[in-house]
Amino acid sequence: MGTVPERLIEAATRLFADKGFDRVAVQEIVDLAGVTKGAMYHYFGSKDDLLHEIYGSLLRMQTERLERFAAGSAPVAERLHAAALDVVVTSVENFDQAKVYFRSADQLAEDQRRAMRAERRRYHERFRSLVEEGQADGVFRADVPADLTVHYFFGTVHHLGAWYRASGSLTAKQVARYYADLLLASLRP
């Protein structure tokens, strides 16, 4: 059994994914987590704070991993491929967190929504910097704006929840490899 905050996040994630953020009462979350409301409010000020943390923890983990890939010494194409592969695998492995956020982000308080968008923008900008590096070095084609390439790629990543099933014929790693390969193929000069 995890810490109280971990149990609350796990319970909230499961309930929000199954029923929707707006249809879950705080009492359901604390009951599933096996804690009191007082314990929840000790760690989280509101249900909104739980929603913010559910996606925030995933995004922070993905950002830390992206930074390691981006700062590596491998050629830029290898670093971009590794980063693309990683974001697909970690998104699939944490589907409920991503799904909950994308379904419910508009229900967050405006300041939390703004903060989340800023964190996602920083992630995308760092990812884009790898594309721009490859374009500047002549490794990637430069006739397509890096922004457009990144939006195109992440559009497919964010759409995974609409069709991917763990019980399907492709593993998360296989899908990730195809996506990363397609991204790199689209950037070849």
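The following legends describe an overview and several close-up views of a predicted model.

**Conventions.** In this predicted model, local features require pLDDT of at least 70 and side-chain atom pairs count only at pLDDT 80 or more, whereas totals for chains, interfaces and linings use all residues. Residues are numbered from 1 along each chain as its sequence is written, and side-chain values rest on heavy atoms, with hydrogens and water left out.

**Figure 1. Overview of the protein chain, with 10 helices and 0 strands.** Helices (H or I, at least four residues) and strands (E, at least two) are DSSP runs, numbered from the N terminus. The order of elements from the N terminus is α-α-α-α-α-α-α-α-α-α. Along the principal axes, the C-alpha atoms fill a box of roughly 60 × 40 × 30 Å. Of the 189 residues, 44% count as buried; the term buried denotes under 20% relative accessible area, exposed over 50%, and partly exposed the range in between (1.4 Å probe, protein chains only). Contact denotes heavy atoms within 4.5 Å. Among contacts between residues at least 6 apart in sequence, 68% join residues at least 24 apart.

**Figure 2. Helix α1 and its buried residues.** Helix α1 comprises residues 4–19, 16 residues in total, and reaches 22 Å from its first C-alpha to its last, close to the 22 Å expected at 1.5 Å a residue. The expected span is 1.5 Å times one less than the number of residues in the helix. Buried in α1 are Arg7, Leu8, Ile9, Ala11, Ala12, Thr13, Leu15, Phe16 and Ala17. These buried residues pack against α2, α3, α4 and α6 (95–104). Just after α1, Gly20 adopts a positive phi of about 100 degrees.

**Figure 3. Surroundings of Val35, in the loop between α2 (26–33) and α3 (37–43).** Val35 has a relative accessible area of 14% and is therefore buried. Residues up to four places away in sequence aside, Val35 touches Val4, Arg7, Leu8 and Val30. Val35 and Val4 are 31 residues apart in sequence, and their C-alpha atoms are 7.4 Å apart in space.

**Figure 4. Helix α4 and the environment of Gln62.** Helix α4 (residues 47–70) contains 24 residues and reaches 34 Å from its first C-alpha to its last, close to the 34 Å expected at 1.5 Å a residue. Its N-terminal end is capped by Ser46, a side-chain oxygen of which lies 3.2 Å from the backbone nitrogen of Asp48. Gln62 is placed within α4 and counts as buried because its relative accessibility is 5%. Apart from residues up to four places away in sequence, Gln62 touches Val87, Thr90, Ser91 and Tyr123. Ser91 belongs to helix α5 and counts as buried at 10% relative accessibility. With the same sequence exclusion of up to four places, Ser91 touches Gln62 and Val157.

**Figure 5. Crossing of helix α5 (residues 76–93) with helix α10 (residues 172–187).** Two packed helices are described by the angle between their axes and the distance between the axes. The axes of α5 and α10 come within 8 Å and cross at roughly 145 degrees; axes are lines fitted to C-alpha atoms, for helices over the stretch in contact, and angles run from 0 to 180 degrees between N-to-C directions. The crossing is right-handed, a term for a near helix turned clockwise from the far one by less than a right angle. Residues of α5 in the contact include Leu80, Ala84 and Val88, and those of α10 include Ala176, Ala180 and Leu184. The contact residues divide into 15 nonpolar, 1 polar and 3 charged. Here Ala, Val, Leu, Ile, Met, Phe, Trp, Tyr, Cys and Pro count as nonpolar, Asp, Glu, Lys and Arg as charged, and the others, Gly among them, as polar.

**Figure 6. Buried residues of helix α6.** Phe95, Ala98, Val100, Tyr101 and Ser104 are the buried residues of α6. Their cover includes α1, α4, α5, α7 (110–136) and α9 (160–163).

**Figure 7. Contacts of Val131 in helix α7.** Val131 has a relative accessible area of 0%, so the residue is buried. Beyond its neighbours within four places in sequence, Val131 is in contact with Leu80, Phe140, Ala146, Val150 and Leu187. The C-alpha atoms of Val131 and Asp147 are 8.8 Å apart, with a sequence separation of 16 residues.

Conventions:
Polar contact = N/O pair within 3.5 Å; in protein donor to acceptor, adjacent residues only side chain to side chain.
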